[in-house]
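Visitor: I am new to this structure and should like to understand the terms used to describe it. May I ask for the reasoning behind each one?

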Amino acid sequence: MAEKLTDIELTGIILEETKPRTLGGDPSSVLLQEDDIETGRGTLRVAVQGDRSKAAIITYHDIGLNHVTNFQGFFSYGDMQPILRHFCVYHINAPGQHDGALPLMQRQEIGDPKAPVNFTIVEVDASNGCATTTLAATASLDNISNQETGDTVGLTPQLNMNTEPHDDPAMPLVKGADKRYHFPSMDELSEMILPVLQFYGIKHFIGFGMGAGANILTRFALNHPEKVDALALVNCTASVSGWTEWGWQKLNTWYLKSGSMTGFTEDYLLWHWFGQKTVDQNYDLVRMYRDTMKHINPHNLALFIESYTKRTALAVHRDLPKLGVKSTPGKNTGARALDCDVLLMAGDNSPHLDAMVDMNSRIDPSKTSWMKISDCGGMPLEEAPEKVCDAFRLFLQGLGYVPFMSQTKIMESRSAASRASLLGAGGGGRGSITGTTHQTPVVQEQEAEC
């Protein structure tokens, strides 16, 4: 005999619409200011997070990203807040890579019409096309002032300022002005960090970089070891680009310079950031980053990718004595070694895992901490922020920073937040998640006892 089914009335069930994952809108992410710092090779947008009287952490992003898409989620993570109380974070954006950036070539053309520019004016004889007089001049878009006579020659906005000969040989040629913006090389990008340090009065810092940004910070540490206390590097590549990478990036830059972000370039950037496994499995995260590509300036990104593709190899090797030569490390080796402590991190499914293993083989093992994060792709800052946070905290404690932070309290706070999310407390469960993962309460530091 079949059992009689009874009607059950469901009560106390609240349906909530799941909100899309985002990087912005997190109240714990406080940017005190954003500054545009002029350098000899372009303008850097720097976002400052924290108290500037604290020790400095400088971040540098990967290609296709900026300080918001690369680091905001991680530095807004709950477990990072006790660490940030001891530091001020300076997020450096490569030229033209911040949100809302104008094309770098366009910015060069629409410059201040009053800004002085040095020109060389060549007068040409119309009969034979030969140059007759050469005058040095200081000019703006409004006028050219002859340094010898003081006379003024008016210019129109349509003046051809290229170095190529004009069709009319009777018109003066203007040399020395180039409308094209020459994007800095990787070495030049690393040297552009010096004006940032001078602007904020930073004497030394801890570097935190990913991909191309990690390569730039490493170059700076090699050239200015006295200014770098430590480096935390994710997906850092020490070698030059291979033929496969060169071919893919050549196609990407060709598409990007056409002024559009194609599906081909989107797929490559997602693979570059996450790896194929994460792209196939973490749909929510991939969709969020696919949406952020709409805010990237394609032309500026093409210039950054070109610079990264043309990178030279990092001349860094383990500073060990030669075989059969009795010497202390650092002597008689001819090697160029990193003098600071280095934390290397990569996911076990990262497309750059082999490059990180090669990077680890080049650094002094006594100063290197190598961490391969399990169940993680190419962006551990977003895929496993709690593991990166724990590794970074222990790394800092080994350097003498944040010595009184209790791991027990962090784990207790994380467990409490997990239970609260399961019970639907603290903002409605999964639907209220923003940033990388669910936010944990701020952990109170354990004060030193007298």
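The conversation below takes up charged pairs and then a sheet, in a model that is predicted.

Visitor: What makes the pair of Glu266 and Arg290 a salt bridge?

Guide: The rule asks for a side-chain nitrogen of Lys or Arg within 4 Å of a carboxyl oxygen of Asp or Glu. The closest N and O atoms of Glu266 and Arg290 are 3.0 Å apart, so the pair meets the rule. This salt bridge links distant parts of the chain, with Glu266 in helix H8 (residues 263-274) and Arg290 in helix H10 (residues 283-292), 24 residues apart.

Visitor: Why is Glu266 called buried?

Guide: Buried means under 20% relative accessible area. Glu266 has a value of 17%, so the word buried applies.

Visitor: How do you know whether Arg290 is buried, partly exposed or exposed?

Guide: Arg290 has a relative accessible area of 30%. Because partly exposed covers the range between 20% and 50%, Arg290 is placed there.

Visitor: What makes Asp284 and Arg287 a salt bridge, and where do they lie?

Guide: Their closest N and O atoms are 3.4 Å apart, and the limit is 4 Å; therefore the pair counts. Both residues lie in helix H10, 3 residues apart, which is about one turn of the helix. Asp284, at 27% relative accessibility, is partly exposed, and Arg287, at 36%, is partly exposed as well.

Visitor: Why is Lys294 called exposed?

Guide: Exposed means over 50% relative accessible area. Lys294 has 67%, so it is called exposed. Lys294 forms a salt bridge with Asp291, with 4.0 Å between the closest N and O atoms. Asp291 is partly exposed at 37%.

Visitor: How many salt bridges does the rule give?

Guide: The count comes to 11 salt bridges. Elsewhere in the chain, Glu34, Asp36 and Arg45 are linked in a network of salt bridges.

Visitor: Let us turn to the sheet. What makes strands E1 and E13 edge strands?

Guide: The open sheet has 8 strands in the order E1-E2-E4-E3-E10-E11-E12-E13, with mixed pairing. Strand E1 (33-39) and strand E13 (368-373) each have a single partner strand, so one side of each is left without a neighbour in the sheet. Neighbouring strands are turned by 20 degrees against each other on average, direction ignored.

Visitor: How do you know that E1 and E2 are paired?

Guide: Two strands pair if there are at least two bridges between them. E1 and strand E2 (residues 42-49) have 7 bridges, in the antiparallel sense, so they qualify as a pair. Glu34 stands opposite Ala47 in E2.

Visitor: Why is E3 described as largely enclosed?

Guide: Of the 6 residues of E3, 5 are buried, so the strand is largely enclosed by the rest of the structure. E3 pairs with E4 in the parallel sense over 6 bridges, and in E4 the bridge partner of Thr59 is His91. E3 also runs parallel to E10, joined by 5 bridges, where Ala56 stands opposite Phe205.

Visitor: Which strands does helix H1 lie across?

Guide: Helix H1 (residues 67-75) lies across E1, E2, strand E3 (55-60), strand E4 (87-93) and strand E10 (205-210), running at about 115 degrees to E10. Helix H5 (residues 193-200) also packs on the sheet, touching E1, E2, E3, E4 and E10, and its direction makes about 125 degrees with that of E1.

Notes: Residues are numbered from 1 along each chain as its sequence is written. This is a predicted model: local features need pLDDT of at least 70, side-chain atom pairs count only at pLDDT 80 or more; totals for chains, interfaces and linings use all residues. Side-chain values use heavy atoms; hydrogens and water are left out. Helices (H or I, at least four residues) and strands (E, at least two) are DSSP runs, numbered from the N terminus. Buried means under 20% relative accessible area, exposed over 50%, partly exposed in between (1.4 Å probe, protein chains only). Axes are lines fitted to C-alpha atoms, for helices over the stretch in contact, and angles run from 0 to 180 degrees between N-to-C directions. Contact means heavy atoms within 4.5 Å.
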